[in-house]
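Dear colleague,

I am passing on the structure we talked about, with the sequence alongside, and below it I have set out what came up when I went through it. Please read the notes with the model open beside you.

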Amino acid sequence: MILDKIVAATRIRVNKEKSKKSFDVVKKEALNTAEKLSYKFEEALSKPSINFICEIKQASPSKGLISDNFNYKEIAMEYQNSGAAAISVITEPDFFLGNRDYLKEIKDIVTAPVLRKDFIIDSYQIYESKIIGADAILLICSILDNPVLKDFFEIANVIGLSCLVEVHNEKELDMALNIGAKIIGVNNRNLKNFKVDLNNTIRLRKLVPNDKIFVSESGIKTKEHIDMLKANNINAVLIGEELMRSGNINLKLKELMS
């Protein structure tokens, strides 16, 4: 399964990073970082109507290379100038061609909050996320057990990172609710076989209290999709590939936001 391969590669990557900079050093740097308790990501997604988290994504295992002209800083600025509530930056290098440096450089030039999109399986990555400038991290329930998810969520809270807790089914939704997740994202793509079903969002929305920020992820392509999600009380959408392939990010976002 591709997800197992990604997680295995991530473990190798994290161990290499630890050999260059120890866990203790990274933790200390994160705890000393200014503006520890900002939670800008959560604030940005709390605005009325539907908020857009626009993703910077060069490639994916299911679609291959998405953008061969990958000026990530230019894309980030275009997202911000076109009304994105937040910017998601994929930092996973082996399967998505992401890079931590992309996030650091983007954070230096935008005012919108930035989500680090990666496969977080070690608390080292949470502290590292704070150091490189992330405002929020992704926690994927399908690759974490209950105690680890709770531990990661609490660590992020202590250092002022919001958590987008990603679920795909009822069992994972229970995990997210049990730890007190404030932002719940439903991935419409099954990470085991990469099939997409937008109705997954609608089905799970009915099981979540309205005081949670509810995000729909993957498979969102048209104004009709946005209207359907609005009608079902979705607070935000995470959209990347459709924008990256559009050829005109500003025009595509105007169409989706109209």
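How many disulfides does the structure hold? The count is zero, and please keep in mind throughout that this is a predicted model. In the case of C141, which is in no disulfide, the nearest cysteine sulfur belongs to C163 and is 11 Å away; a disulfide would need the two sulfur atoms within 2.5 Å. C141 is buried, with a relative accessible area of 2%, and C54 also counts as buried, at 0% relative accessibility.

Aromatic rings

The structure holds five aromatic pairs, and I describe two of them here. F23 and Y127 form an edge-to-face pair, with 5.7 Å from centre to centre and 85° between the planes. This pair links distant parts of the chain, since F23 sits in helix α2 (residues 23-31) and Y127 in helix α7 (residues 123-131), 104 residues apart. The two partners fall into separate exposure classes: F23 counts as partly exposed because its relative accessibility is 28%, whereas Y127, with a relative accessible area of 7%, is buried.

The other pair is made by Y72 and Y102, whose ring centres are 4.2 Å apart and whose planes meet at 35°, so the pair is tilted. Because Y72 belongs to helix α4 and Y102 to helix α6 (residues 100-107), the pair ties together parts that are 30 residues apart in sequence. Y72 counts as buried at 15% relative accessibility, and Y102 counts as buried at 16%; the cut-off for buried is under 20%. Together with F70, the residues Y72 and Y102 form one aromatic cluster.

Pockets

The largest pocket holds about 450 Å³ of space. Of the 28 residues that line this pocket, those closest to its centre are E55, K57, K117, R189 and S218. Three elements give two or more residues to its lining, namely β6 (136-140), β10 (236-239) and α12. Sorted by class, the lining of the largest pocket comprises 11 nonpolar, six polar and 11 charged residues.

The second largest pocket has a volume of about 200 Å³, and its lining is made up of S67, N69, N71, E74, I75, E78, L243, M244, S246, G247, N248 and I249. Here the elements that give two or more residues are α4 (72-81) and α12, with α4 giving the most, at three residues. By class, this lining has four nonpolar, six polar and two charged residues. Helix α12 is therefore worth finding on your screen, as it is named for the lining of the largest pocket and again for that of the second largest.Within helix α12 (residues 241-244) lies E241, which is buried, with a relative accessible area of 13%. Leaving aside residues up to four places away in sequence, E241 touches K57, K63 and I66. One of these partners, K57, is also among the residues closest to the centre of the largest pocket.

The enclosed space

Apart from the pockets, the count comes to one cavity of 30 Å³ or more, and about 60 Å³ of space lies in it. Its lining consists of Y39, E42, F153, N157, L161, S162, C163, K182 and I183, to which α8 (146-158) and β7 (162-167) each supply at least two residues. These lining residues divide into five nonpolar, two polar and two charged. C163, listed in this lining, is the residue that carries the cysteine sulfur nearest to C141.

A loop residue

Finally, you may like to look at P48, which lies in the loop between α3 (40-44) and β1 (51-56). P48 counts as exposed because its relative accessibility is 72%, and the cut-off for exposed is over 50%. P48 and A236 are 188 residues apart in sequence, while their C-alpha atoms are 9.8 Å apart in space.

With best wishes

Methods: Residues are numbered from 1 along each chain as its sequence is written. This is a predicted model: local features need pLDDT of at least 70, side-chain atom pairs count only at pLDDT 80 or more; totals for chains, interfaces and linings use all residues. Side-chain values use heavy atoms; hydrogens and water are left out. Helices (H or I, at least four residues) and strands (E, at least two) are DSSP runs, numbered from the N terminus. Buried means under 20% relative accessible area, exposed over 50%, partly exposed in between (1.4 Å probe, protein chains only). Contact means heavy atoms within 4.5 Å. On a 1 Å grid over the protein atoms alone, a cavity is a set of points where a 1.4 Å probe fits but cannot get out, and a pocket is an open set with protein on both sides within 12 Å along at least five of seven lines; lining residues have an atom within 4 Å of a point. Grid points are joined across faces, edges and corners, and a volume is the space filled by probe spheres set on the points. Ala, Val, Leu, Ile, Met, Phe, Trp, Tyr, Cys and Pro count as nonpolar, Asp, Glu, Lys and Arg as charged, and the others, Gly among them, as polar. Rings of Phe, Tyr and Trp (its six-membered ring) pair if their centres lie within 6.5 Å; planes under 30 degrees apart count as stacked, over 60 as edge-to-face and the rest as tilted.
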